[in-house]
Each structure stands twice: as structure tokens, then as C-alpha cells.
Amino acid sequence: MDVRVAVVGYGMGKYHCSDISKTTGLQLYAVCDIDPVRRKAAQDDWGVKTFASYEEVLSDKKVDMVVLATPHDTHAPMAIAALEAGKHVVTEKVMCLSVAEADAMIAAAKKAGKMLSVFQNRRWDSDYVTVKYVVEQGMLGEVFQVASCVDGYGQPGGWRAHKKHGGGMLYDWGAHLTDQMVQLAKSDPDTVFAQIEHRVWNVDVDTFAKVMVRFKNGMVGEIEVGCISWIPRPRWHVRGEKGALLLEGWDDQFRLRTEVNGIKTEMRFDKLASSWQEYYRNISAVLNEGAELAVKPEEVRKAIQIIEAAFRSAETGKAVKV
Ligand SMILES: NC(=O)c1ccc[n+]([C@@H]2O[C@H](COP(=O)([O-])OP(=O)(O)OC[C@H]3O[C@@H](n4cnc5c(N)ncnc54)[C@H](O)[C@@H]3O)[C@@H](O)[C@H]2O)c1
């Protein structure tokens, strides 16, 4: 029988409904939102059962899995409650706000014998997939530095502008960029140094963060996220011993410089094709066929370690050992 899924939170939740409804082995069973307007929209869009409270979702025995597409501060408590109620859990990024929360979530999943995963959909972004391919093919020689940036200019709004809800750029875009960096490094974070600014907009969250992370294997990642940057830095800049790779913003084409048979050369090439749909294909395969989970919470925990250490580093002005 298909895995019956309840999506909680109908903002980004709408995207989840769409992907889940297209995935063999998963059934979009219900949507929950505390906002009646959003509930009505979900009902109109999908014709599914709607719930006004999370407690109702958890007490419905037909719900096999919940997807949490709610503000960041709710992910850990809601995930733990669902696991204790015997449901599988997919939570949106950011997985949670601290390493202690990540550990509690992982322990709750182990205790319940249920699946816990995080929607790190940007592991299937075509720009990231291309960077990973180029690095893994050895096209740059040994890679020692990866810079990854998503910044722009605009005032944060809604819950994203409030610290108590886990707002700010580092928990938001930073959740994607730190996770991608961990996957590229294939190593554990060792030391973190960060600059975090609260400038321009009158909000109590970070509006810019630059995080430098040294991994145990020696690779250094530089992550920048912000909403106060008038001119963004390149999306990717990767340095290896035998070449460098660049992607400006969300351009279609990468630029790569290297040496071939003694000739210094430059090439431009398109991003590889990739689709976020792969995430839910994997979730279905895990739950229906016992496949290996693509986004394991223990791996995402490493990104949370980096984010937590970055906040500590910015506070103290010192590099922090993870
Ligand atoms: N992975 C991605 O590409 C991506 C993109 C956008 C947003 N997100 C993530 O999705 C999550 C939600 O962001 P959003 O932009 O959709 O925010 P949003 O504010 O648009 O939607 C959140 C919804 O959750 C509902 N909600 C809040 N508390 C609830 C509760 N206790 N029970 C039921 N419903 C509740 C709100 O009423 C709202 O409709 C965040 O974790 C965000 O980081 C991820």
C-alpha cells in the first residue's frame, strides 16, 4: 500500500504536495495548516483532507509520514512528536536550530524505528550537481578551496525576520550551502570562523554571514549568504591544484580553466540536468523497497554543527573547533 503523507504548512508545502502526488509509492493524504486561508487553498488544489491542528494529524492512524514545511523553530519539536506518534518524518531545511536538537531528533527516530530525513533538495540543483561532477572527475586536480555564495538585496519578512522563529540568512540559505559543502568535502568539519552582520534592515536576525570552514581532510569551504549585498559574488568559485571553476550567479554556463598537454585552456559548458523529484523518489524507495536513504540526518547534522559554530565564532571573534 502507498505511504500516506500529511504535509504540514502550506507555503512551500504546496511544492511538496506536487512532488509527492507525482511519486509512485507515495499518496498525498492530507494537508495541515493553522491558517484557514491556506487550508482552503490546499483543499481547492488537491481535494484532500485538511487539518487545522498538528495534534489531529498525529492522532490520525492513517498518516504514515509527515512533511514539515513550517517555520524553522518548529522543526525539532514537531519532528520528535511525530516520531513518538509512530510516523516517518521529512522536515524542510533547516533541519533544526542546534546540534542538541539534531541529536534529540536522531535519537527519537532510532527509538521509534522510523525514518527521519531532511528536504535538502538543493543536493539536486544542476549547478551543485555539476560542481560535484567536475570535482569528482578530477578535472581541477586536488581541490583545496570551494567558495559558494547566494546573496542579494532585500528586506527579510514574516517569520524569517525573527530570531525566535529561526529566521536569518544562515538558517535559511545557509542550510543549503553548508549541506552542499559537507557533501562536496566528504569529510567532517574541523574548524569554523565566521563574520555575521545584522546591518541595514531593522530586524533581530543576521542579514549577512560569511563562514569559513576547514574540514578534517584539509579542504576549505567559504560560504556567503546575505540580503544586504548590492553586487553578489559568484555562485561558485572552486580552486584545485590543476584548474579553477566559476559560475556567475544563476548563469547557465560554467567557466573552467586548466592545462591540457601543456596548453593553458579555458572551456565553457552547460550545467548538468537534475531534478528535485529525485528526493521523493528516494523516500518512496526507502519506505517501499528498503533502499538506502539519500539524505541521512547524521550527514545534515554536520551542516548544523557548522552553523552553530559560526554563530559562536562571530560572537567571540575567534575560530571555533567543531
Ligand atoms: N527547500 C527549499 O527550496 C525551500 C524553499 C522555501 C521554503 N523552504 C522551507 O519551507 C519551510 C516553510 O517556509 P515557507 O516559505 O513555506 O513559509 P510560509 O510562512 O510561507 O509557510 C509556512 C506555513 O506553515 C503554517 N504553520 C506554521 N505553524 C504551523 C503549525 N504549528 N501547524 C500547522 N501549520 C503551521 C503557516 O500558517 C504557513 O502557512 C521553511 O523551513 C523554509 O526554510 C524551503
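Which residue follows α2, and what is the sign of its phi? In this predicted model, the residue that comes after α2 is G47, and its phi is positive, near 65°.

**View 1. The two ends of helix α2.** At the N-terminal end of α2, which comprises residues 36-46, D35 acts as the cap, with one of its side-chain oxygens placed 2.8 Å from the backbone nitrogen of V37. Beyond the other end of the run stands G47, with the positive phi already given, near 65°.

**View 2. The open sheet and its edges.** Nine strands make up an open sheet with mixed pairing, and their order across the sheet is β14-β13-β12-β11-β7-β10-β9-β8-β15. The edges are formed by β14, covering residues 263-270, and by β15, covering residues 320-321, each of which pairs on one side only.

**View 3. The pairing of β11 with β12.** Strands of a sheet may pair in parallel or antiparallel fashion, through backbone hydrogen bonds. Here β11 (residues 236-240) and β12 (residues 243-247) run antiparallel and are joined by five bridges. Within this pair, H237 is found opposite L246 of β12.

**View 4. Helices α6 and α9 against the sheet.** Helix α6, made of residues 126-136, lies across β7 (143-151), β11, β12, β13 (253-260) and β14, and its direction is at about 5° to that of β11. Helix α9, made of residues 297-316, also packs on the sheet, where it touches β8 (189-197), β9 (208-215) and β15, and its direction makes about 50° with that of β8.

**View 5. The two assigned domains and their contact.** According to the domain assignment, the chain holds domain 1, spanning 3-119, and domain 2, which is given as two segments, 123-274 and 304-321. The centres of domain 1 and domain 2, taken over C-alpha atoms, are separated by 28 Å, and the contact draws on eleven residues from domain 1 and twelve residues from domain 2. Between them the domains bury about 1,100 Å², of which 66% is on carbon and sulfur atoms. On the domain 1 side, the residues that lose the most area to domain 2 are H72, K93 and V99, which together account for 44% of what that side buries.

**View 6. Polar links between the domains.** Six residue pairs are in polar contact between domain 1 and domain 2, and the count of salt bridges between these domains is one. K93, one of the residues named above for the area lost to domain 2, forms a salt bridge with D172, in which the closest N and O atoms are 2.6 Å apart.

Technical notes:
Residues numbered from 1 in each chain as written. Predicted model: local features only at pLDDT ≥ 70, side-chain atom pairs only at ≥ 80, totals over all residues. Heavy atoms only, no water. Pairing = 2+ DSSP bridges. Helix = DSSP H or I, 4+ residues; strand = E, 2+ residues; numbered from the N terminus. Contact = heavy atoms within 4.5 Å. Axes fitted to C-alpha atoms, helices over the stretch in contact; angles between N-to-C directions. Domains from an automatic or database assignment. Buried area = accessible area lost by both parts, 1.4 Å probe. Salt bridge = Lys/Arg side-chain N within 4 Å of Asp/Glu carboxyl O. Polar contact = N/O pair within 3.5 Å; in protein donor to acceptor, adjacent residues only side chain to side chain.
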